[in-house]
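Colleague: I have the sequence and the model open. Take me through the labels, and give me the reasoning behind each one.

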Amino acid sequence: MQNTRIMAGAAFIGALWLGGCATEDYVNKHVAVVQTQVTDEQTQQQAQGQRLDQLDQNTKDAMARAEAAGKLAEGKFLYAMVLSDDSVKFPLDSSQLSDEAQSRLTDFITKLTSDNKNVFVEIQGHTDTTGGDALNMRLGEARAEAVRLFMNRKGVPLNRMSTISYGDTSPVAPNNTRAGRAQNRRVVLIVMA
């Protein structure tokens, strides 16, 4: 009987020991999975932190460039002329300069040359919202280029002018009326020293 009790006790201790080992293995496996998840999460957080730091640096760089451009442009703007009077407005889907537009541009060129200043002219092309974005950007560029080429034929050097298209992104009037759309079909000339 004593042997039976010893055997039963040994079996009981063995079962506890095996159970403890199984529990320890079970815990180790689950802890390893959780530890892997924590490590992955920490790695992702570090990567996100690095991306945020890079975005922050990009933002700072962009701000510095904008401030530098602002300082460069300070005091450089002289005056502007807008080709958008009723007689000068561009027809729908056209970059053709009217006779009135050519006359106004000739007067503008006379003023530029009589001022006898070393100036630069930015020629901005604009459209109404009729047509798609890509079409409007091309049309705005065509309008600005028509003005640049006309001014060049009248003696303004090409290296003193640049063109940019704003398409339909900078309206001066609502595009839901015919009159508003006509006002938005325009070219703006910015004279800078």
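Colleague: Why is Tyr79 called buried?

Modeller: This is a predicted model, so the value is computed from predicted atoms. Tyr79 has 19% relative accessibility. Buried means under 20%. The value falls under the cut-off, so Tyr79 counts as buried.

Colleague: Where is Tyr79 found, and what is Tyr79 in contact with?

Modeller: Tyr79 sits in strand β1. Contact means heavy atoms within 4.5 Å. Leaving aside neighbours within four places in sequence, the contacts of Tyr79 are Phe108, Lys111, Leu112, Asp115, Leu189, Ile190 and Val191. As for Val121, 42 residues away along the chain, its C-alpha atom is 9.8 Å from that of Tyr79.

Colleague: What makes β1 and β4 a pair?

Modeller: Two strands pair if there are at least two bridges between them. β1 and β4 have six, in the antiparallel sense. At one point Ala80 stands opposite Ile190 of β4.

Colleague: Which sense does β4 take with β2, and over how many bridges?

Modeller: Antiparallel, over seven bridges. The cut-off is at least two, so the two strands count as paired. Phe120 has Met192 of β4 as its bridge partner. Gly125 has Val187 of β4.

Colleague: And β2 with β3, parallel or antiparallel?

Modeller: Parallel, with six bridges. One of the partnerships joins Ile123 to Thr163 in β3.

Colleague: Why is β2 described as largely enclosed?

Modeller: Five of its seven residues are buried, so the rest of the structure largely encloses β2. β4 is mostly covered too, with six of seven residues buried.

Colleague: How many of the residues of the whole protein count as buried?

Modeller: 26% of the 193 residues.

Colleague: How do you know that the span of helix α3 agrees with its length in residues?

Modeller: Helix α3 covers residues 133–153, which is 21 residues. The expected span is 1.5 Å times one less than the number of residues. That gives 30 Å for α3. The end C-alpha atoms are 30 Å apart, so the two values agree.

Colleague: Which residues of α3 are buried, and what covers them?

Modeller: The buried residues of α3 include Asn136, Leu139, Gly140, Arg143, Ala144, Val147 and Met151. An α-helix has 3.6 residues a turn, so residues three or four places apart point the same way. The cover over the buried residues of α3 includes strands β1, β2, β3 and β4, along with helix α2 (99–115).

Colleague: What comes just after α3?

Modeller: Gly155, with a positive phi of about 110 degrees. Gly155 also helps line the largest pocket.

Colleague: What lines that pocket, and how much space lies in it?

Modeller: About 160 Å³ of space lies in the largest pocket. Its lining includes Leu112, Thr113, Asn116, Lys117, Val119, Val121, Val156, Pro157 and Arg160. By class, the lining has five nonpolar, three polar and two charged residues. Gly155 is on the polar side of that count, because Gly is classed as polar.

Colleague: What pattern does the protein follow along the sequence?

Modeller: α-β-α-β-α-β-α-β. The protein has four helices and four strands. Take the contacts between residues at least 6 apart in sequence: 75% of them join residues at least 24 apart.

Methods:
Residues numbered from 1 in each chain as written. Predicted model: local features only at pLDDT ≥ 70, side-chain atom pairs only at ≥ 80, totals over all residues. Heavy atoms only, no water. 1 Å grid on protein atoms, 1.4 Å probe; cavity = no way out; pocket = protein on both sides within 12 Å on 5 of 7 lines; lining within 4 Å. Points joined across faces, edges and corners; volume = space filled by probe spheres on them. Buried < 20%, exposed > 50% of the residue type's maximum accessible area, 1.4 Å probe, protein only.
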